[in-house]
Amino acid sequence: MHALFVVSVWLHILAAIAWVGGMFFLVLVVVPWLRRGGGIDAGRFLHETGVRFRNVGWACFGVLLVTGLFNLGYRGVRPTHLVDPSWLATPYARAVLAKLGLFALILLVSAVHDFAIGPRATRVLRESPGSEEALALRRRASLLGRFNALLALAIVFVVVVLVRGWPI
């Protein structure tokens, strides 16, 4: 069983690397390059890149959810613990709940970005690139992407806390 746990942790880390790394690549490299006028149809490129990364991202979320629940179970965390006041009072429980809460928020923000604002922004950007609506939607999509990047950094901090304990 321990070997399965190690493989699960490995898959969990790989999925997190793919999602966080891809997101930071988009936020720190692709979007600034497009803003400088990368010499291509920015709306089309952003749409195609976004769709491909959306598929990768949601596959990563699935792997993270399955492996994360398995890893918690292996570490002895049961669903009944989530309503047990004595367990909830522990620093470990606070870190687990913080990670689960951040993950849920990331899923929500990602869903809004990937299935509502993002596709609408790229469609409007392709149809009327200089319009007020295109600029407003692009700003919203960008803010959601940056917010998700900050949430990703927060979840990485909480993962360190899960392994090493709270710094205080």
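Let me start with one residue: Glu127 is exposed, at 58% relative accessibility. Its partner in a salt bridge is Arg123, and the closest N and O atoms are 3.6 Å apart. Glu127 and Arg123 are four residues apart in helix H4, so about one helical turn separates them. Arg123 counts as partly exposed, with a relative accessible area of 37%. Before I go on, please keep in mind that this is a predicted model.

How many salt bridges does the structure hold? There are two. The other one I want to show joins the side chains of Glu133 and Arg120, at 3.7 Å from N to O. This pair links distant parts of the chain, with Glu133 in helix H5 and Arg120 in helix H4, 13 residues apart. Helix H4 covers residues 91-127, and helix H5 covers residues 132-164. As for accessibility, Glu133 has a relative accessible area of 42% and is partly exposed. Arg120 is partly exposed as well, with a relative accessible area of 36%.

Now the chain as a whole. The secondary structure consists of five helices and zero strands. Read from the N terminus, the order of elements is α-α-α-α-α. Along the principal axes, the C-alpha atoms fill a box of roughly 55 × 30 × 25 Å. The chain has 168 residues, and 32% of them are buried. If we take the contacts with a separation of 6 or more, 72% are between residues 24 or more positions apart. The exposed area is about 10200 Å², and carbon and sulfur atoms supply 71% of that.

On to charge. The chain carries 17 positive and 7 negative side chains. The centres of these two sets lie 9 Å apart. Which residues form the positive surface patch? They are Arg35, Arg138, Arg139 and Arg146. Helix H5 gives the largest share of the patch, three residues. Arg138 is in helix H5. It is counted as partly exposed because its relative accessibility is 34%, which lies between the limits of 20% and 50% for that class.

Staying in helix H5, I would like to turn to Asn148. Is Asn148 buried or exposed? Asn148 is buried, with a relative accessible area of 5%. The cut-off for buried is under 20%, so Asn148 falls in that class. Apart from neighbours within four places in sequence, its contacts are Trp19, Met23, Ile106, Val109 and Ser110.

The last residue is Phe70, in helix H2, which spans residues 42-74. Phe70 is partly exposed, at 25% relative accessibility. Which residues does Phe70 contact, leaving aside its neighbours within four places in sequence? The contacts are with Met1, Leu4, Phe5 and Ser8. One distance to note here is from Phe70 to Ala111: 24 Å in space, C-alpha to C-alpha, with their positions 41 residues apart in sequence.

To recap, the chain has five helices and zero strands, and two salt bridges. In helix H5 we have Asn148, which is buried, and Arg138, which belongs to the positive patch. That is what I wanted to show.

Terms used. Residues are numbered from 1 along each chain as its sequence is written. This is a predicted model: local features need pLDDT of at least 70, side-chain atom pairs count only at pLDDT 80 or more; totals for chains, interfaces and linings use all residues. Side-chain values use heavy atoms; hydrogens and water are left out. Patches are made of residues with over 30% relative accessible area and no salt bridge: like charges are joined within 9 Å, nonpolar side chains (Val, Leu, Ile, Met, Phe, Trp, Tyr) within 5 Å. Accessible areas come from the Shrake-Rupley method with a 1.4 Å probe; for residues, only the protein chains shown count as cover. A salt bridge is a side-chain nitrogen of Lys or Arg within 4 Å of a carboxyl oxygen of Asp or Glu. Lys and Arg count as positive and Asp and Glu as negative; His and the chain ends are not counted. The place of a charge is taken as NZ of Lys, CZ of Arg, CG of Asp or CD of Glu. Helices (H or I, at least four residues) and strands (E, at least two) are DSSP runs, numbered from the N terminus. Buried means under 20% relative accessible area, exposed over 50%, partly exposed in between (1.4 Å probe, protein chains only). Contact means heavy atoms within 4.5 Å.
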